[in-house]
Amino acid sequence: MIQHTRALCLVGSMLVATAAFYACSSSSGGTAPPVNKDASASSSSGGSSGSSSGSSSSSGSSSGSSGGGTFNCNPALDSGTLPLCSSLPGHVMYIESADTQETVLDIVGQELRNSANITLTFLLTGSCTVVPDIYASTPLPVNTQMLYIPSTEECPTWTTSDPELTCLTSPTDTTAVSLGISALFPSSCPNGSPPTGFAQFIGPIQAYTFVVPTAAFNAGQTSISAEEAYYAFGDGLNNPVTWGAPPVAEWNVPAQFYLRPGTKSTLISTALNIGLTVSQMTLADADGGTSDGRQLLGSSTDVLTGVTAATSNQAIGILGSEVYDTNRGKGINVLAFAGFGQTTRYYPDSTTTSFDKENIRNGNYSLWSPAVIVAPVTNGAPTDPYAAYLTNIILGTPGAMPPGGYVDGGTPIDGLGATVAAGLTPDCAMQYTRSSDGAPLTAYTPTAPCTCYFLSKVPSPAPLPASCVTCSTSSPCATGSCFNGYCETTPPPSVPPTAVTKTVQYPTADGGLLPPNP
């Protein structure tokens, strides 16, 4: 049994610069779920330094499969020599990012290479490594392996489902980082308040999910509450909660807990949403293990592998929703979730088969954090003009212009579409917001809503609601306002969600954890 004190929500003073999320495209049609390219254990070990040299998140190879073929767009790899990042074409940007944002960087990175002659190079690590590195202006060490995105001209067969290419920073000089991307509120990290001269830009929503083996789901274990998670991960072997009739013990085998390390947003955000501290959630030992055998895994792929292969109904893991979305029907199922005080549990989407993120958007599903760009600023905008441009792209700001102009005829990049394609939920499609991880949700109306546009872009989209009428300056809306090519109404259209109930027996006292009542 661990020492049990009520976890306090870590709320630091934050200088938050917000931006309206909207794009200019009015095209419709959904895409396939994003490909899971989660960081490998070698770069996601949860260590204290995210700027060390070593293996990058993906394989780092320039050769791989693409549509059944192969590509090798970096012949230097044949001799075992990686190119210098500084030798790559165009303006080279160096980024340190949470690994959950990899797909966004891949999608946007290819468009930047094609249209703006900008090459993104990025190091993937944990959010609470990114934040202090950026605030301290920590440079990348010499010979750090970075991932980068080629242009279509350089590598015609490369797609965002392939491994990124790999380069090295200078062998003699350290390299400055343009910006960082966290997958949670920086206030959730130690010393997370921005120092003078830095700001935070709130971006798209990243939901987190509890997942179990399909066999356990089919046996009736289809949901979890914040209270259940509080006892399961707080008490571990001594979890006193039972469920069902007749009642059976649940989630009391720590070796079947498949978690991420304590620097990762997946773990931190989940802990704060269920009333635990990171140390209570991980029970991490100094040697990298855990005191009761729970598993802290370097990548979401490791979590997927562990949960999928598990034969115990006590197995449970935590994943970002965009990772889960790419692995539906592959041996795992997402659990419906209820926050503290909720009596009904909800899936992130309206059903187990949809991708509409209905319950994330309408406040029923509270297990989420935003992506947050952190950067040095001048007059409220990132000081580096290229960092400012990339920030505007990720936030979906209209009319964003690269410092060097477009090289492909001036086609603007649809940052909002890239966000949706990566499995995230743009701020402009949200009806609720929060001030910090685990904080209560509050009603929210975006200045430039995009619910209809969002629904048109999700994988396997359902027919759009009747109110989502296309519009333009020559064809104005009869009802609502025209944003992103659609008539957006307030409140936005919604669909009835699937609600889940469960019979759970909580203890009145267990000799350790306090009854959860944040």
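Trainee: Let's start with C428 and C450: are they buried or exposed?

Mentor: In this predicted model, C428 and C450 are both buried. Together they form a disulfide, with the sulfur atoms 1.9 Å apart.

Trainee: What should I have in mind when I see a disulfide drawn?

Mentor: The general idea first: a disulfide is a covalent bond between the sulfur atoms of two cysteines. In this case C428 sits in the loop between α11 and β21, and C450 in the loop between β22 and α12, so the pair ties together parts that are 22 residues apart in sequence.

Trainee: Which hand does the C428 and C450 disulfide have, and why?

Mentor: Look at the torsion about the S-S bond: for C428 and C450 the value is about 80°, so this disulfide is right-handed.

Trainee: How many disulfides does a search of the whole structure find?

Mentor: Six. One of them joins C85 to C167, with an S to S distance of 2.1 Å. This pair links distant parts of the chain, 82 residues apart: C85 is in the loop between β3 and β4, while C167 belongs to strand β7. Both C85 and C167 are buried. The torsion about their S-S bond is about 95°, so the C85 to C167 disulfide is right-handed.

Trainee: And what about C471 and C482?

Mentor: They are joined by a disulfide too, S to S 2.0 Å. C471 lies in the loop between α12 and β23, and C482 in strand β23 itself, eleven residues apart. Here the torsion is about 95°, so you can call this disulfide right-handed.

Trainee: Why does C471 count as buried?

Mentor: Because its relative accessibility is 10%, and the cut-off for buried is under 20%. C482, on the other hand, has a relative accessible area of 36%, so this cysteine is partly exposed.

Trainee: Let's move to strands. How do I read the two sides of one?

Mentor: In a regular strand the side chains alternate between the two faces of the sheet. Try β15, residues 316–320: I316, I318 and G320 point one way, G317 and L319 the other way. All of these residues are buried, so "mostly covered" is a fair description of the strand.

Trainee: Which strands are joined to β15 by bridges, and which way do they run?

Mentor: Strand β9, residues 198–213, is joined to β15 by four bridges, and the two run antiparallel. Within that pairing, T209 has L319 as its bridge partner. Strand β13, residues 257–259, runs parallel to β15, with two bridges between them. There, Y258 is partnered with G317.

Trainee: What about the nonpolar core? How do I make sense of that?

Mentor: In soluble globular proteins, nonpolar side chains tend to be buried together. The largest nonpolar core here has 62 residues, and L112, L120, L179, Y389 and L390 have the most contacts inside it. Helix α10, residues 385–395, gives the largest share of this core, seven residues. Apart from it lies another core of 51 residues, including V211, L304, Y347 and W368.

Trainee: Which residues is Y389 in contact with, leaving aside its neighbours within four places in sequence?

Mentor: L112, A116, I118, A400, M401, P402, P403, Y406 and I413.

Trainee: And what does the whole chain look like in numbers?

Mentor: The protein chain has twelve helices and 26 strands. Of its 518 residues, 58% count as buried. The chain exposes about 19,000 Å², with carbon and sulfur atoms supplying 55% of that area. Among contacts with a separation of 6 or more, 76% are between residues 24 or more positions apart.

Note on methods: Residues are numbered from 1 along each chain as its sequence is written. This is a predicted model: local features need pLDDT of at least 70, side-chain atom pairs count only at pLDDT 80 or more; totals for chains, interfaces and linings use all residues. Side-chain values use heavy atoms; hydrogens and water are left out. A nonpolar core is a set of buried Ala, Val, Leu, Ile, Met, Phe, Trp, Tyr and Cys residues joined through side-chain atoms within 4.5 Å. Buried means under 20% relative accessible area, exposed over 50%, partly exposed in between (1.4 Å probe, protein chains only). Contact means heavy atoms within 4.5 Å. Accessible areas come from the Shrake-Rupley method with a 1.4 Å probe; for residues, only the protein chains shown count as cover. Two strands pair if DSSP finds at least two bridges between them. A disulfide is a pair of cysteine sulfur atoms within 2.5 Å.
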